[in-house]
Amino acid sequence: MDPEVALRKIIHIDMDAFYASVEQRDDPALRGLPLAVGGSRERGVVAAASYEARKFGVRSAMPSATARRLCPDLRFVKPRFEVYRAVSEEIREIFARHTALIEPVALDEAYLDVTENLQGLPTATAVAKAIRAEILERTGLIASAGVSYNKFLAKVASDHRKPDALFVITPAMGPDFVAELPIGRFHGVGPVTEAKMKRLGIRTGADLRAWTPERLRETFGSAGAYYHAVARGIDMRPVRAHRIRKSIGAETTFSDDTAAFEVLAARLAPLFDKVWAGAAAKGMRGRTVTLKLKFSDFAQVTRAKSLAGPVADRASLERIALDLLAGLFPLRRSARLIGVSLSGFAQEEPEGPRQLGLGL
Ligand SMILES: [Mg+2]
């Protein structure tokens with residue numbers, strides 16, 4: 001293993017309950033209350049939940065109706081992405097004072113490679129401490145930080161004692177830490193894979209480590225190699241300062257297949273919020289809308305429309321997607337899945353690292 005890549009100093013910064021914390025910061029009347037940022041309408045989706053709401057089981061991406069059932073006193077506020085984006089820029093300016101190697105993952109989350117840091121602080125932990133303090137001072141918001149020798153472990157570390165935490169996983173701790181980690185806490189293991197792994201007797205990193213690379217590949221396909229590596233605390237992915245997402249999409253599979261336009265349009269409706277919020281959260285504006293239908297025989301059809309410029313708003317996304325759907329009618333078979341995605345992004349790049357005069 002190339003020691004240069006194997007032992008980087010990586011910080012993962014993740015703002016705590018970001019959208020909800022911004023809303024509570026800006027409206028004192030919301031502080032201490034179970035709060036959901038997102039649409040309260042019938043088909044709304046929770047974009048973010050305050051810690052008070054999470055106690056009731058409210059989670060982001062949950063349908064608002066479900067959230068309200070779990071927490072009848074839940075307060076809803078509309079997202080203000082322009083405010084979140086402005087805060088995000090502020091925290092990125094803070095990052096840029098410490099390193100040029102910043103990989104934003106979301107408005108509230110980034111990986112920083114601080115193997116060499118611009119302030120000449122003695123350790124990555126000191127850099128993480130400074131960043132957390134600067135974020136609090138400048139934005140009034142709390143960030144959790146994970147410090148480790150690769151991205152996988154830095155992410156695990158930032159999540160470990162959240163909220164309001166700084167946690168360090170040293171090279172000496174890494175392999176044991178991963179061995180004890182519940183499989184659902186592995187970044188890259190979603191709920192579906194988690195369930196599958198548990199059925200196969202994989203509950204922790206140690207269980208995962210017992211599998212050969214061949215068996216992992218047979219069982220999990222191309223993700224097998226990743227699982228094999230991270231089960232050992234190994235992750236060679238570099239921090240990429242400019243990461244471009246190719247598309248943001250959402251889809252839903254039906255319990256009952258249908259060929260009716262109104263039914264399909266209704267099932268598409270909640271996906272618009274997800275896609276639009278996902279793109280907004282990443283500061284991305286796409287100009288291509290793609291609609292996907294999968295039929296009961298698993299055949300699939302996609303239709304796409306590209307505009308000259310970015311899709312202006314959620315309503316336009318909806319209109320274009322419904323036009324594309326209408327163009328497929330009449331259907332000769334029932335559909336079992338519908339999806340919509342946005343692509344063709346001109347990413348609003350986070351401002352490049354500030355040129356810091358060396359030797360000042
Ligand atoms: Mg966060």
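The legends below describe close-up views of a predicted model.

**View 1. The magnesium site draws its protein donors from two parts of the chain.** The magnesium ion has as its protein donors Asp14 (OD), Met15 (O) and Asp108 (OD), at 2.1 to 2.3 Å. Along the chain, these donors follow the spacing D-M-x92-D. Methionine 15 belongs to strand S1 (residues 10–15), whereas aspartate 108 sits in the loop between strand S5 (102–106) and strand S6 (109–113), so that 93 residues separate the pair. Methionine 15 and aspartate 108 are both buried.

**View 2. A five-stranded open sheet includes strand S1.** The strand order is S5-S6-S1-S7-S8, and the pairing is mixed. S5 and strand S8 (166–168) form the edges; each has a single partner strand, so one side of each lacks a neighbour in the sheet. On average, neighbouring strands are turned by 15° against each other, direction ignored. S1 and S6 run antiparallel and are joined by five bridges. In this pairing, aspartate 14 stands opposite glutamate 109 in S6; aspartate 14 is also one of the magnesium donors. Helix H5 (residues 81–96) lies across S1, S5 and S6 and runs at about 155° to S5.

**View 3. A three-stranded open sheet is crossed by helix H2.** The order of the strands is S3-S2-S4, again with mixed pairing. Strand S3 (46–49) and strand S4 (75–77) occupy the edges with a single partner strand each, so one side of each is left without a neighbour in the sheet. Neighbouring strands here are turned by 30° against each other on average, direction ignored. Strand S2 (residues 35–38) pairs with S4 in the parallel sense over three bridges, and leucine 35 stands opposite arginine 75 in S4. Helix H2 (residues 18–26) lies across S2, S3 and S4, at about 110° to S2.

**View 4. Arginine 132 is a buried residue of helix H6.** Helix H6 spans residues 124–139 and includes arginine 132. The relative accessibility of arginine 132 is 18%, and this residue therefore counts as buried, the cut-off being under 20%. Leaving aside residues up to four places away in sequence, arginine 132 touches Ile142, Ala143, Ser144, Ala145, Asp164, Ala165 and Leu166. UniProt, in an unreviewed entry, places the feature "domain: UmuC" at residues 10–190. Over residues 10–190, the chain is 38% helix and 20% strand, with the end C-alpha atoms 23 Å apart.

**View 5. Helices H13 and H14 form a right-handed crossing.** The axes of helix H13 (residues 261–281) and helix H14 (residues 314–326) come within 10 Å and cross at roughly 145°. On the H13 side, the contact is made by Phe261, Leu264, Ala265, Leu268, Ala269, Phe272, Asp273, Val275 and Trp276. The H14 side contributes Arg314, Leu317, Glu318, Ala321, Leu322, Leu325 and Ala326.

**View 6. Strands S10 and S11 form a hairpin.** Strand S10 (residues 284–295) and strand S11 (residues 300–306) run antiparallel and are joined by seven bridges. Threonine 288 has serine 306 in S11 as its bridge partner. Four residues lie between the strands of the hairpin, in which phenylalanine 298 takes a positive phi near 70°.

Key
Residues numbered from 1 in each chain as written. Predicted model: local features only at pLDDT ≥ 70, side-chain atom pairs only at ≥ 80, totals over all residues. Heavy atoms only, no water. Pairing = 2+ DSSP bridges. Donors = N, O, S within 2.8 Å, 3.2 Å for Na, K, Ca; no water. Buried < 20%, exposed > 50% of the residue type's maximum accessible area, 1.4 Å probe, protein only. UniProt positions renumbered as here; feature names shortened; annotations may be inferred. Contact = heavy atoms within 4.5 Å. Axes fitted to C-alpha atoms, helices over the stretch in contact; angles between N-to-C directions. Left-handed = near helix turned anticlockwise from the far one by under 90°.
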